[in-house]
Each structure stands twice: as C-alpha cells, then as structure tokens.
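User: I should like to learn how to read the features of a protein model. Please show me the structure, and then let us take the features one at a time.

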Amino acid sequence: MADSIRVLHVDDEPNIGDLTADFLERVDPRFEVETVTSAEAGLERLRSADAEVDCVVSDYEMPGRDGIEFLEAVRETHPDLPFILFTGKGSEEVASDAISAGVSDYLQKSPGTEQYELLANRIRNSVERARAQRERQRHLSAIETAREGISILDENEEFVYVNEAYADLYGYDPEEMVGEHWELIYRDEDIEWIEDDVLPMVYEEGSWQGKTVGLRADGSTFVESHSLSRTEQGDIVCTIRDVTEQQERERQLRRKTARLEALFEQSPDMIDVHDAEGTILDVNRRFCEEMGASKEELVGKKVWEVDTNLDPDTLKETIRGLDLDERLSVETEFRRVDGSTFPAEAHVRRLDIQGEDRFLVITRNISEHEEQKRAIERKNEQLEVFASTVSHDLRNPLATAQGYVELARETGDDAYFEQVERSLDRMERIIGDVLWLAREGKDIGSTDRIDLAKAIEDAWEVIGGPSHRTSLEIGELGWIEADEDRLRQLLENVLVNAIEHGGETVRVEPLADGFAIEDDGPGIAVADASRVFDRGYSTADEGTGIGLAVVREIADAHGWSVDIAEWDGGARFEYTGVAGTDPR
C-alpha cells in the first residue's frame, strides 16, 4: 500500500523474530516486517539493490556483531535511516553507547504483548519523523537549486533563510543576510510604500505580487518581480526574479509596436491583412481612404470582393504556393465600395503569426503611374515622329546647300551662295522648332514692348520673303508685350507656311485684341482644320509638320489664342488675347 512501513527486524532468536513480526503486523496493517537472524545478514539486506527499508529494529546481544556495532555499520551507509534498539539487556551504558552511535530510539523488551504496541508506536514516530525530515530536505534542496531567489522572513520580518540565488541577486552571501531586516535590500524611498501598502496586504490577504526595485550591496539597483506569501506559522516566503532585461525588452517591444502601428496607420500605401480563407482581418487608414469606406465596412470582407481579378480558387492556388516570408507582386484592379475601380500594384507576403497563416498585402493606387506611363509612351511616339521627320527634312536643305556649294566651286559664281544661305536658314528654323517642342511646358523668357509691324518685316526678310513672288501687306499695327525671340520664331513659321501654301499676297491686319495673318492661297480643307496644329502634320512635300505646332505652343506660352478663321480667300490665322496691342 502507498503508506506502508517496511521494517527490517534483526534478532538471533528466530522465534522471537517471527513473534515480533506477527504482533507488529497485527497492531498496524501498514507494517511489512522482514526478519533476519544476524547483523551481517541485516547489512547484506540493506546493501541489496531492492532494499526498501523504512526502519531497522535490532536486538543488542547477537553473535558476531552486537546491536551497537550493527548500528555503527548501518550509520556509515544510511545515516538517516530510523534505527530502534529493541533489547532484553538494558543498562545506562548500553543506552549511552546507542545514543552516541546515532540510534533513533531505545526500547527494552518486557513480558506481555503491550511491549509490541509500544514498539509499533516507536517505529511509526521514527519513520514519520524521518519522512518529514526527508520532505523538508527535498524542499530545501529544491529551493537551493531554484533559479528564483527565495527567502523566509520570521515574525520580526528578519531573514531566517536565504538561498544562494536570492543572496547573489543582492550581492551578499546567504550568511550575511540571515538575521537582517528586509529593509537591508530596499531604497529608503521605497520602504514606506512597502510598509504601508505591500506588507498589510500580505498579512490581511495572505499574499502579494508585483514589481519592486531591489538594492544591491554595491548600491546599484534592479527591477524585480516579487511574490510574497504568508505561511500558517506566520513566516513570509519571498520569491524574486531579476526582470531588468525583461523590462527593457518590454519597453523596446512597446516602442517597436508603437512604431509599427504608426507605420501601419500612417503609411502612404494601402495595407491590409487577410487569413488563408481570404477574410480581411485589418486595414489601415490609407486603405479606407482609397476604398471610400470605414474599417468596420471593410474588415470581414473577402479579398475577391475588393480585388476584381481574384476569386476563391485563384486566391487559394496563389497562396498555396507561397512560402513563409516569400513576397509576391502583382498588378491588378481594385473595386471601391461605390463600384468605381482603379489600377493597383499589390505586394503580398506570407507570415506566421502565433502559429496562424497571415498574408500582409501592401497596395498602391497606380492610376497616376499609369497616366505617367502613357504620357511617356506618347512622348516616345512623338520623339520617334520628330526623329523621323527631322532626319528626313534636314536632308533636303542640306543636300540643296551641298549642291549649290559644288556649283559655286565649279563656276565661281557667288550667286549660288545665296541659295546655300537660304538652305542653311531653313535648317536653322527646323532645328529651332525642334528645340522649342523638345522643351514643351517651358515658360517663355521675359517680355518686352515690341513694334509688331517691324517684327513682321524682320521675319519676312529672314525667311527670304522678298525673293518670292508673294508680296507682304501690313496694316496699322501697334506695340505688343512678347518674348522677342519666341515672337520671331512664331512669325517666321507662320509666314513660311503662308509662302509655301499661299498665293500671291500675305496680309497682316490688326484685331481688337490681337492680329490676323492671312493669304489668298487655296486655303485649308474643312477636314484638315482640326489637325493643322498637330505635330508631324503637313500637306507640303518638304514640310516638317512641326512649324504650326510650334506656333500653337508659343501662342499658348504667351497666353494667346490662335484660331483658323473662315473667310473667302485662303488661310487666315487669328491671334487674340495679345497683351499691349495698341494700333498707332
């Protein structure tokens, strides 16, 4: 049985041994008595591997070793095993020797059965004391080897026990702390709080837990997790752990968590977290703003209710092949709560959060990016058109100039150089036009008060107008505010266009807030009117298709309007909103 008491009885008289065993087992059923007839046999039994003995009962007078010698031999290997000397020979000398040898109890044999009742009591008491002592020793051993610091305060609140771990935390030896008051290890400013708040709770409630600041022998301090419990005997058991590093880790974790929460909420990108089933668990502020909904409206939705390119099967197939911490980037389309959509670039990462699969999705609305990409594509297309146009149109005047140079060399006629000069002027205008268009969106330079009629006459001379069969007629024009270089470029282009497409006369007339330039040529077809200002558009064989585009850009840069007006003659371009127009 669980609480059986195993007794080894040693007596050289077998009959007495058997009788004692019978009586003991009858007195208390817990007794299990094994009898041997000599001290040597008893020692042999104790040395056996299966020896489980709670108490030894031995006679004194035995052949070989007597009871005292047997006791001394037992104490060499079993110092704490209860040993009762049960003998018929009693004397003060024997009792003294037995006590000196470490006997647990001493009992003289007597006639009658009462002696077995008495022996049973002595055995029970000795075994219970030994067991209690072993239990206490186990507790002390556990306390001594514990990582936690453990101490015991008596009713005077002084240390009666301190384990190594406890003393080490405060920088003392255990012996230095025993007998000292607990105030030894606390700062002066904390003592009043412990006396007024902590200890009263221990005495009234039986326990207290919290954090205190321990004071080491060298004056340094540390944060300790502190547990106090009051025993039935009135002692206080103190358990502590140094949590300074833990406190610092917790502070760092709180700071890190706060930063992550701030990044999550303040991120310029949309962020959401969903589980393996596609249920949205959390979204940040930007996600709500882009989707036009509150967090409450979005949390709980399925991912495919937001991402138009997803469905349950697609999602599961995608995340099934995603390794832990692996990232996946996709371009997709998101649908807002109001039904509108926008292109999105999503970056998905699989995470393990407390053993659960979670998917962090960082998304960006790329509508602006897509528009920029389209704008770049348009510019690239335009550049290709410009490159093709310029490479073609520069060759013509260049070939012309080269031809006239050769003729001049062969004939010595300087008149050919005028043709060369015209070709070079044309190349310069083409290059100037391309440079202007290449810096589209640039502001014009500073403006000056310019005589418009004089500017038109100068431009006419530059393009070689007087050498053509076309004549120039200029009305009563005034002064205007304009960038002189850009105005010259505009006038040269529109006058060249008039010569190339016009008839016999080019006229410039004043308007209420601007001026008009017209020719009497074939005019502009209705179908072409909306395209004449487009880059690359030209109906002339040698046209670059950029001259009138430059005209429109320069007019816009000045804040003017340029329109093709209807009239009975050829083409008429009206410039309105011109600042400073003042007919003289």
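User: In which sense do β11 and strand β15 pair, and over how many bridges?

Analyst: This is a predicted model, in which local features need pLDDT of at least 70 and side-chain atom pairs count only at pLDDT 80 or more, while totals for chains, interfaces and linings use all residues. Residues are numbered from 1 along each chain as its sequence is written, and side-chain values use heavy atoms, with hydrogens and water left out. Strands (E, at least two residues) and helices (H or I, at least four) are DSSP runs numbered from the N terminus, and two strands pair if DSSP finds at least two bridges between them. Here β11 and β15 (residues 356-365) are antiparallel and share six bridges. Within this pair, H274 stands opposite F359 of β15.

User: What joins strand β11 to strand β12?

Analyst: Three bridges join β11 (residues 270-275) to β12 (residues 280-283), and the two strands run antiparallel. V273 faces D282 in β12. The hairpin of β11 and β12 has four residues between the strands, and G278 takes a positive phi near 85 degrees there.

User: What is the order of the strands in the open sheet of five strands?

Analyst: The order is β12-β11-β15-β14-β13, with antiparallel pairing. At the edges lie β12 and β13 (327-335), each of which pairs on one side only.

User: How does one read a helix, and which residues of α3 are buried?

Analyst: An α-helix has 3.6 residues a turn, so residues three or four places apart point the same way. Buried means under 20% relative accessible area (1.4 Å probe, protein chains only). In helix α3 (residues 67-77), the buried residues are G67, I68, F70, L71, A73, V74 and R75. The elements that cover them include β1 (5-10), α2 (39-47) and α4 (92-101).

User: Where is empty space left, and how many cavities of 30 Å³ or more are counted?

Analyst: Rolling a probe the size of a water molecule over the atoms shows where empty space is left. On a 1 Å grid over the protein atoms alone, a cavity is a set of points where a 1.4 Å probe fits but cannot get out, and lining residues have an atom within 4 Å of a point. Grid points are joined across faces, edges and corners, and a volume is the space filled by probe spheres set on the points. The count comes to one cavity of 30 Å³ or more, and the largest cavity has a volume of about 120 Å³. Of its 14 lining residues, the closest to the centre are W182, Y186, I194, H226 and L228. Helix α8 gives the most to this lining, with three residues.

Note on methods
Buried < 20%, exposed > 50% of the residue type's maximum accessible area, 1.4 Å probe, protein only. Contact = heavy atoms within 4.5 Å. 1 Å grid on protein atoms, 1.4 Å probe; cavity = no way out; pocket = protein on both sides within 12 Å on 5 of 7 lines; lining within 4 Å.
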